[in-house]
There are 4 protein chains.
Amino acid sequence: MAASLRLCAAASGLRYWSRRQRPAAASLAAVCSRSMASKTPVGFIGLGNMGNPMAKNLMKHGYPLIIYDVFLDVCKEFQDAGEQVVSSPADVAEKADRIITMLPTSINAIEAYSGANGILKKVKKGSLLIDSSTIDPAVSKELAKEVEKMGAVFMDAPVSGGVGAARSGNLTFMVGEAEDEFAAAQELLGCMGSNVVYCGAVGTGQAAKICNMLLAISMIGTAEAMNLGIRLGLDPKLLAKILNMSSGRCWSSDTYNPVPGVMDGVPSANNYQGGFGATLMAKDLGLAQDSATSTKSPILLGSQAHQIYRMMCAKGYSKKDFSSVFQFLREEETF
Amino acid sequence: MAASLRLCAAASGLRYWSRRQRPAAASLAAVCSRSMASKTPVGFIGLGNMGNPMAKNLMKHGYPLIIYDVFLDVCKEFQDAGEQVVSSPADVAEKADRIITMLPTSINAIEAYSGANGILKKVKKGSLLIDSSTIDPAVSKELAKEVEKMGAVFMDAPVSGGVGAARSGNLTFMVGEAEDEFAAAQELLGCMGSNVVYCGAVGTGQAAKICNMLLAISMIGTAEAMNLGIRLGLDPKLLAKILNMSSGRCWSSDTYNPVPGVMDGVPSANNYQGGFGATLMAKDLGLAQDSATSTKSPILLGSQAHQIYRMMCAKGYSKKDFSSVFQFLREEETF
Amino acid sequence: MAASLRLCAAASGLRYWSRRQRPAAASLAAVCSRSMASKTPVGFIGLGNMGNPMAKNLMKHGYPLIIYDVFLDVCKEFQDAGEQVVSSPADVAEKADRIITMLPTSINAIEAYSGANGILKKVKKGSLLIDSSTIDPAVSKELAKEVEKMGAVFMDAPVSGGVGAARSGNLTFMVGEAEDEFAAAQELLGCMGSNVVYCGAVGTGQAAKICNMLLAISMIGTAEAMNLGIRLGLDPKLLAKILNMSSGRCWSSDTYNPVPGVMDGVPSANNYQGGFGATLMAKDLGLAQDSATSTKSPILLGSQAHQIYRMMCAKGYSKKDFSSVFQFLREEETF
Amino acid sequence: MAASLRLCAAASGLRYWSRRQRPAAASLAAVCSRSMASKTPVGFIGLGNMGNPMAKNLMKHGYPLIIYDVFLDVCKEFQDAGEQVVSSPADVAEKADRIITMLPTSINAIEAYSGANGILKKVKKGSLLIDSSTIDPAVSKELAKEVEKMGAVFMDAPVSGGVGAARSGNLTFMVGEAEDEFAAAQELLGCMGSNVVYCGAVGTGQAAKICNMLLAISMIGTAEAMNLGIRLGLDPKLLAKILNMSSGRCWSSDTYNPVPGVMDGVPSANNYQGGFGATLMAKDLGLAQDSATSTKSPILLGSQAHQIYRMMCAKGYSKKDFSSVFQFLREEETF
């Protein structure tokens, strides 16, 4: 998705960057408060499919890393690359005053921050803690409170873009924080992503990520419409062109079309390999569902999208790109 | 929607026009077969909200009209304007060899063509019959067969764009026919619309229209995502910008945003007045539902969108623009 | 389902039968108008999975049959059994003044009645035409009008109960007609079913059948609730008992439980063999969907049930009993 | 609902009671461990719409109460009735070794047990803590662990039946616990309910309650089917009878029919006053949704039911009985 995202950013261009300058300007003091910040080591906790390439992009920009992960082989890879590996999040906090966490679930994040050997056990005053995990906004707010008590700064900065964008350094970061530290975050996040978007108070980064529930809805809608149109006798390429000229157009129809043969260079052109897995989409939709329930927000289509990706995961689509929902529906034809 | 549609056409520019030239070139003969076609009268049956302004655009281009409508006052308006009014579709067919029909339902279309005093009773060999009604593709195919038996040509050419586009002559026509008469159709349709898209065999125009079911899905999805994000603390304008930079973007979020205050010049900025009424959306979704059932195509989200617009119509939203689904959901907040 | 249906009838007992007596009493004249009706031949059109055993039950009761079916081998079976086979619905109408039609779709029914060699071509005045097909109520009304013009009587009498009930003569017939011929219909339908229910004017039989959409909804709901409870640690049998003691109980939970091991003698105890196939349920839900759309009735859950059975059919569940939706959901577990 | 529930219990009769005897027999020792248990005071925390009448039924059976509620006026009512009121859950735990908690949400329950002045601060070894709140099963398990650490016993015992059943002492309790204390619980719960059902380990009581999600699904399904049938021309009473004779029958159709005029003595016969409010149903469905998401259980219809009750609450149905979903759909007719 990175490619299209970059294009989008370019398109909305100036407005977008000017939006970003204000906080940057406002927080020079904050940046200086960490002397020579740019060369001091950065802690990184969680080196999985996403965290691994993200950490390597920080290395490319010359940041020495303090590494922690539960999986030793992962740690060894970075140790061999000359980075320092420690044995707990607490130890990371002892050696680095800027830490990035990239963990799979809310539970893992809570453990890494508030656990027996968590960051909070040894975090230094004034430290900058950036959580790029995609978790429940309510959990982000809770962690922020605890971090604040220790005199440190917490921000949620979940990403969109998937593994490809993580490798190429083209992720989009959605940042929620008090704003006066936004520039300090940009310095590091800018090494891993092409878009760093300020979303508001802590938790709004997760909130913005959650709203990408719209992507799941429009992708399924595109798959349903393309499948129906093809059955009604339309040529797939022509149908895609008509949709993209009409008010039905969306990123899923004009940039990431799910129908094989309509576009090149997208997962549907490569048997739905790569891209953003159905499992990850199901997880994100679960978070959206939880937030909707707790805020009593009706999400009729969001709920259905959630259930559909749940089913796909169980029917052997877990690893396939989420646009494979077209294939999932298409099989229906074999009546 | 007309505005955005024009932009889209401009954007996809060349490819799109070249696509249109081929059939045009291929059918010069067909055009000439109606000597001086451009000045001979054109029949128009169905002068309702859409048909009325469409017919007037033909008048502006100097086409004399042969009018028929079940409502006499409507006929009188055109009679006073100097057009000829007759007393049945059959009489229209007797006086004109090019006829446009714009009727509300499949039943009305069947009556106008195959009824006791229908077009087919007096249609001339070689006549061009263009049905711009939005109806069941299966019915279009049936009518085409009957018309062919009489040695005339039938094409389905439903429109998108709504009343505003009908008035300004910026409709999009989706045309289904044997192709060799496409240019002949363009000559007339071009007076009423800014886009005339060739979709394939008879019925594919209706099929393409039906696929705009995707618009309903992405609009509801946008409303759900915006509503959820706002409840989670995001600023509506900022959220819209983030969505439009991300893979969740769609026409409903970047061109026709349903949240008041986010964009100017859209129905949501004007208490959802004007635009495309929820009732019309419900009707179109009903056709999509019928086609999906008859072709056994699964449309999980399309079905829900259909039911949601049904409910809105009954809760006092019939006349409001279809983007008022945001207001419909938002009321939920008053918990 | 027959077994439980019989129990139900017994339960609602008297009220139900008294309801049935009135029309019976009221129409003696009508019955007599067909002298010696009980021994004159009965026409039967459509000898498929359902029609075949139904016709045999008529034979058991001593009714000579006039048979027509498009499949010759089926006809031969009855010919060998001594029944008279003819070559068109029209020929059936020439030889019998009481005809039962049991056809798969609306199209087939229209063909059998109004086709080139249809019943109406040679139907005798005063004939009784009973259509047990499950079709669109609107089509039933159309056929009734045409039949009436010929001075004959038409009634819709769709069945519930499936193949098992057809064999054992325990079907439930839902009859729509002018009422004064109800007794004449009971004489024949009583040979094939244990319940013959008067529903109102022509078309209401189909309407009642359509309302069994509720069965699909409660079966899926039962499967979802049982699956969720089991995952939450409840014992399936205990959970079933609790549900059946509570306000959530329904026929699907207390008589036809979809979870293997909970009940004996139901399809879930036999790898979902036999019973009522998912394909048939999908077809019935399609009819419900069409009627809901044409009457603008919101069916949010009915629509989803329809889509779910559509998907099941394509995932290899077509032939399995419709309670296999539990297995369909359960597979989800293999996450 | 109490009435029908009693009937059900009677129906499933013996099996059900024998099921209940085993644990009872098995835990005599447990009971004796609280000498003269029957006359020692019982703690009661949470005297809301449900808790208030429940506590009064304990008083009727001669149990002195130790009361705590955040609302003083509620406490005063019991004080005037001669019961002892204390100022925190901790104080309740100091004065009573059997405590019943009846609180609105998971948060309230956590506060009452683990809060600064929570039960656990002063709970005595061997105390019996029964939580009748309807909350997340995961929370119940957490609380049980903490209680166990203090050497006390915790069980979850949510109820079904609503305010009416609470007043008449006809609630159904769904109990989750280690089983050897079941009899001890029955002694108290039997004063407030007519059914006390053992469900399994801690959390399974909540799980069973959650499965009543099936009630919401079948009620909406009944409303959709009745509404559709009526629009298709069926008489409501006749349609209800047909449904109840068929495999579509459920508690919502045969005992609590949502259509005015079909049954007497149900909320639909009284403008949907009394009964079980739509808000409470929406809350229970929210819990079901959370459990389904965390266990990755697909609940396609359950999710929709959840969203539908959310919308109803916002459209002015919050206080109406949940069967008013028929009215909610019916309004749709006013097209």
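# Notebook: salt bridges, one interface and two helices

I began with the charged pairs, and the count over all chains came to 32 salt bridges. I keep in mind throughout that this is a predicted model.

**Entry 1, chain A overall.** Before turning to single pairs I looked up the make-up of chain A, which has 16 helices and nine strands. Of its 335 residues, 64% are buried. I also looked at how far apart in sequence its contacts reach: among contacts between residues at least 6 apart, 66% join residues at least 24 apart.

**Entry 2, a pair within one helix of chain A.** I looked up A:Asp80 and A:Lys76, whose side chains meet in a salt bridge with an N to O distance of 2.9 Å. Both residues lie in helix 4 of chain A (residues 72-80), four residues apart, which is about one turn of the helix. An α-helix has 3.6 residues a turn, so residues three or four places apart point the same way. As for accessibility, A:Asp80 has a relative accessible area of 57% and is exposed, whereas A:Lys76, at 47%, counts as partly exposed.

**Entry 3, a pair between two helices of chain A.** Next I took A:Asp284 and A:Lys209, whose side chains form a salt bridge at 3.7 Å, N to O. This pair links distant parts of the chain, since A:Asp284 sits in helix 14 (residues 278-294) and A:Lys209 in helix 10 (residues 204-210), 75 residues apart. Are these two residues buried or exposed? I found A:Asp284 buried, with a relative accessible area of 15%, and A:Lys209 likewise counts as buried, at 11%. The cut-off matters for this reading: buried means under 20% relative accessible area.

**Entry 4, a network in chain A and a pair in chain C.** I noted that A:Asp91, A:Glu94 and A:Lys122 are linked in a network of salt bridges. In chain C, I looked up C:Glu142 and C:Lys145, whose side chains meet in a salt bridge at 3.3 Å, N to O. These two are three residues apart in helix 7 of chain C (residues 137-149), and so they are separated by about one helical turn. C:Glu142 counts as partly exposed, with 39% relative accessibility.

**Entry 5, where chain D meets chain C.** I then turned to this interface, in which 67 residues of chain D are in contact with 67 residues of chain C. The two chains bury about 5,900 Å² between them, and 72% of that area is on carbon and sulfur atoms. Which three residues supply more of the area that chain D buries against chain C than any other three? They are D:Met245, D:Ser247 and D:Leu301, which together supply 13% of it.

For polar links across this interface, I found two salt bridges and 22 residue pairs in polar contact, counting pairs with both residues at pLDDT 80 or more. A salt bridge that I looked up here joins the side chains of D:Asp254 and C:Arg249, at 3.2 Å, N to O. Several elements of chain D each supply at least two residues of the side that touches chain C, among them helix 1 (2-26), strand 9 (193-200), helix 12 (236-245) and helix 15 (300-317). The largest share of that side, 14 residues, comes from helix 11 of chain D. By class, the side of chain D that touches chain C has 38 nonpolar, 20 polar and nine charged residues.

**Entry 6, a serine in chain C.** I looked up C:Ser253, which is placed in helix 13 of chain C (residues 251-254). C:Ser253 counts as buried, at 1% relative accessibility. Leaving out residues up to four places away in sequence, C:Ser253 touches C:Thr222, C:Asn244, C:Gly248 and C:Met263.

**Entry 7, the two sides of helix 6 in chain B.** Last, I listed the buried residues of helix 6 of chain B (residues 106-114), and found B:Ser106, B:Ala109, B:Ala112 and B:Tyr113. Viewed down the axis of helix 6 of chain B, these buried residues fall within an arc of 130 degrees, so they line one face of the helix. The face turned away from the buried side carries the exposed residues B:Ile107 and B:Glu111. What covers the buried residues of this helix includes helix 5 (89-95), strand 4 (98-101), strand 5 (128-131), helix 7 (137-149) and strand 6 (153-156) of chain B.

Definitions and conventions. Residues numbered from 1 in each chain as written. Chains lettered and ligands numbered in written order. Predicted model: local features only at pLDDT ≥ 70, side-chain atom pairs only at ≥ 80, totals over all residues. Heavy atoms only, no water. Buried < 20%, exposed > 50% of the residue type's maximum accessible area, 1.4 Å probe, protein only. Arc of directions from axis to C-beta. Contact = heavy atoms within 4.5 Å. Buried area = accessible area lost by both parts, 1.4 Å probe. Polar contact = N/O pair within 3.5 Å; in protein donor to acceptor, adjacent residues only side chain to side chain. Nonpolar A, V, L, I, M, F, W, Y, C, P; charged D, E, K, R; others polar.
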